[in-house]
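Welcome, and please open the model in your viewer. We will go from selection to selection and look at what is there.

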Amino acid sequence: MSFLTLTTERLILRAFTPGDLPDLVRLAGDWEIARTTTIPYPYSEEIACHWIATHGEAFKQRRAVTWAITHRGEGYFMGAIELRFLKQRHVAEMGYWVGVPYWGQGYTTEAARAVLAYGFGEAGLYRIQAQHFHTNPASGRVMQKIGMTYEGSRRAAVFRWEQYHDMLMYAILKPEYERQRTASEEENA
Ligand SMILES: CC(C)(COP(=O)(O)OP(=O)(O)OC[C@H]1O[C@@H](n2cnc3c(N)ncnc32)[C@H](O)[C@@H]1OP(=O)(O)O)[C@@H](O)C(=O)NCCC(=O)NCCS
């Protein structure tokens, strides 16, 4: 499996570089990002630096692929998206965030579609899953828009911010992805 830079209509998903650190710390450090994720808060440059440094080895050992989400036209850093490979063969979990200034413009959906194509193509996956805090319907909407199916709730699965959170589970299987892709190609023909 090779690391691929992924290009979409408006985005380039590429490997993180040390040059991303200031924007990463600023955007990931926002409370709105910590509120619905397990990303540390407060988020320091040291945490960010350590996190970026883990990407190479995680990829080599086929544990995870992590991309920086950047603007295709202007190159600025917007967020992150990741596939984490699970112990079961051919299964991975997708996680993502984008900085608050970029919310609501379809960027995460666009990035996630590119990552699905990579997952079912280059990475040879059969199942890609994702989960979100029950208090985060926008993330659930992204999962629905990329064709994932709701599979149920893991009740009180995460303790964060002094309370238990139900995690809502979604997934898409390779044949479903291929059927949806064929249908959308036919629609656009
Ligand atoms: C969740 C998150 C990734 C969404 O990113 P985004 O780029 O705004 O997502 P998109 O624009 O592609 O899609 C968002 C969808 O959610 C919808 N939405 C936004 N707020 C919503 C709400 N409160 N209830 C229901 N849907 C909502 C939007 O209308 C849009 O759907 P639409 O295109 O049908 O109108 C972003 O808000 C984020 O980074 N949040 C913090 C980190 C996080 O929660 N990551 C996910 C962890 S599972």
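Which residues does Thr 37 touch, not counting those up to four places away in sequence? Select Thr 37 in this predicted model, and show Phe 133 and Arg 160 with it: these are the residues it touches. Now trace the backbone around Thr 37, and you will find yourself in the loop between α2 (31–34) and α3 (45–60). Is Thr 37 buried or exposed? Its relative accessible area is 16%, and because buried means under 20%, Thr 37 counts as buried.

Next, select the ligand. The space that the ligand takes is the largest pocket. Color the elements that give two or more residues to the shell around the ligand: α2, β5 (91–98), α4 (107–120), β6 (127–133) and α5 (137–145). Which of the elements gives the most to this shell? That is α5, with six residues.

Now show the residues around the ligand, 23 of them. Those that come nearest are Thr 36, Gly 104, Thr 109, Asn 136 and Lys 145.

Turn on distances for a few polar atoms. Start at Thr 109, where an N or O atom of the side chain is 2.5 Å from an oxygen atom of the ligand. Move to Gly 104: here a backbone N or O atom lies 2.7 Å from a ligand oxygen atom. Then pick Val 98, which has a polar backbone atom 2.9 Å from an oxygen atom of the ligand.

For the last stop, put a surface on the ligand. Taken alone, the ligand exposes 960 Å², and the protein buries 71% of that.

How values were computed:
Residues numbered from 1 in each chain as written. Predicted model: local features only at pLDDT ≥ 70, side-chain atom pairs only at ≥ 80, totals over all residues. Heavy atoms only, no water. Helix = DSSP H or I, 4+ residues; strand = E, 2+ residues; numbered from the N terminus. Buried < 20%, exposed > 50% of the residue type's maximum accessible area, 1.4 Å probe, protein only. Contact = heavy atoms within 4.5 Å. Near = heavy atom within 4 Å. Polar contact = N/O pair within 3.5 Å; in protein donor to acceptor, adjacent residues only side chain to side chain. Areas by Shrake-Rupley, 256 points an atom, 1.4 Å probe, with all protein chains shown as cover. 1 Å grid on protein atoms, 1.4 Å probe; cavity = no way out; pocket = protein on both sides within 12 Å on 5 of 7 lines; lining within 4 Å. Sits in = over half its atoms within 2 Å of the grid points.
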